[in-house]
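Q: I'm new to this structure and would like a close look at a single part of it. Could you take me there slowly and tie what you find to the rest of the chain?

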Amino acid sequence: MNEILNQILTYVKPELVIVSVVLYFAGKALKKSGLIKEQYVPLLLGAAGILLSTVWVLSTCPLDTRQDIFTAVFTAVVQGILVAGLSTWVDRILQQIKKKE
């Protein structure tokens, strides 16, 4: 399990790991509130991850050329998906640990 986590974390920018934590707790709150069907929570977290990653990318990258813009868009989308996936993966792991008890 640690090996898988280490592999995932090699692709996530260290500055964005905290976004995974935020998304994890946001997902828990959404599930508990009942405002959104549980099946839509990962999709919503993915969109939020992309949005938050976009804010980070736009604040840290120059956007002088068309190539810079495309690189920023690609980075934001990939990082957003990765951080959302990481938060969902952690949730599933914790659910599996609780089942064994």
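**A close look around Asp91**

A: Let's start at Asp91, which sits in helix α4, the stretch covering residues 66–100. Before going further, keep in mind that this is a predicted model. Asp91 is buried, with just 7% relative accessible area. Leaving out residues up to four places away in sequence, Asp91 touches Tyr24, Lys28 and Lys31. With Lys28 there is also a polar contact: the two side chains are joined at 3.0 Å.

To see where those partners belong, step back to the whole chain for a moment. The chain holds 4 helices and 0 strands, so reading from the N terminus you get α-α-α-α. Its C-alpha trace spans about 55 × 35 × 15 Å along the principal axes. Of the 101 residues, 25% count as buried, and Asp91 is buried too. Take the contacts between residues at least 6 apart in sequence: 73% of them join residues at least 24 apart.

Now back to one of the partners of Asp91, Tyr24. Helix α2 covers residues 17–33. Tyr24 is buried, since its relative accessible area is 16% and the cut-off for buried is under 20%. How many aromatic pairs does a search of the whole structure find? The search finds 1. The pair is Tyr24 with Phe25: the ring centres are 5.1 Å apart and the planes stand at 75°, so the pair is edge-to-face. The cut-off behind that label is an angle over 60 degrees. Phe25, in contrast to its buried partner, is exposed, with a relative accessible area of 55%.

Tyr24 also leads us to another spot on α4. Ser87 is found in that helix, and its C-alpha is 4.8 Å from that of Tyr24, though the two are 63 residues apart in sequence. Is Ser87 buried or exposed? Ser87 counts as buried, at 3% relative accessibility. Setting aside neighbours within four places in sequence, Ser87 is in contact with Ser20, Leu23, Tyr24 and Leu45. The side chain of Ser87 also reaches back to its own helix's surroundings: the backbone oxygen of Ala84 is 2.8 Å away.

Two of those names, Leu23 and Leu45, come up again where α2 meets α3. In general, two packed helices are described by the angle between their axes and the distance between the axes. Here the axes of α2 and α3 (residues 41–60) come within 10 Å and cross at roughly 145°. The crossing of α2 past α3 is right-handed. On the α2 side the meeting residues are Val19, Leu23, Ala26, Gly27, Leu30 and Lys31, while α3 brings Val41, Leu44, Leu45, Ala48, Gly49 and Leu52. Sorted by type, the residues of this contact come to 9 nonpolar, 2 polar and 1 charged. Lys31 is worth spotting here, as it is listed in this contact and is touched by Asp91 as well.

Follow α4 to some of its other residues and you meet Gln79, which lies in that helix. Gln79 counts as buried at 5% relative accessibility. Not counting residues up to four places away in sequence, its contacts are Tyr11, Val12, Lys13, Leu16 and Ser53. Ala72 is found in α4 too, and at 7% relative accessibility it counts as buried. Beyond its neighbours within four places in sequence, Ala72 is in contact with Val57 and Leu63. For a sense of distance along this helix, the C-alpha atoms of Ala72 and Val83 are separated by 16 Å, with their positions 11 residues apart in the count.

Two residues elsewhere round off the tour. Glu15 has its place in the loop between α1 and α2 and is partly exposed, at 47% relative accessibility. The C-alpha atoms of Glu15 and Trp56 are 8.7 Å apart, although the two are 41 residues apart along the chain. Gln7 lies in helix α1, residues 2–11, and is partly exposed with a relative accessible area of 46%. Gln7 and Asp64 are 57 residues apart in sequence, and 32 Å lie between their C-alpha atoms.

So, to return to where we began: Asp91 is a buried residue of helix α4, with a side-chain polar contact to Lys28.

Methods: Residues are numbered from 1 along each chain as its sequence is written. This is a predicted model: local features need pLDDT of at least 70, side-chain atom pairs count only at pLDDT 80 or more; totals for chains, interfaces and linings use all residues. Side-chain values use heavy atoms; hydrogens and water are left out. Rings of Phe, Tyr and Trp (its six-membered ring) pair if their centres lie within 6.5 Å; planes under 30 degrees apart count as stacked, over 60 as edge-to-face and the rest as tilted. Buried means under 20% relative accessible area, exposed over 50%, partly exposed in between (1.4 Å probe, protein chains only). Helices (H or I, at least four residues) and strands (E, at least two) are DSSP runs, numbered from the N terminus. A polar contact is a pair of N or O atoms within 3.5 Å; within protein, one must be able to donate a hydrogen and the other to accept it, and residues adjacent in sequence count only if both atoms are side-chain atoms. Contact means heavy atoms within 4.5 Å. Axes are lines fitted to C-alpha atoms, for helices over the stretch in contact, and angles run from 0 to 180 degrees between N-to-C directions. A crossing is left-handed if the near helix is turned anticlockwise from the far one by less than a right angle, and right-handed if clockwise. Ala, Val, Leu, Ile, Met, Phe, Trp, Tyr, Cys and Pro count as nonpolar, Asp, Glu, Lys and Arg as charged, and the others, Gly among them, as polar.
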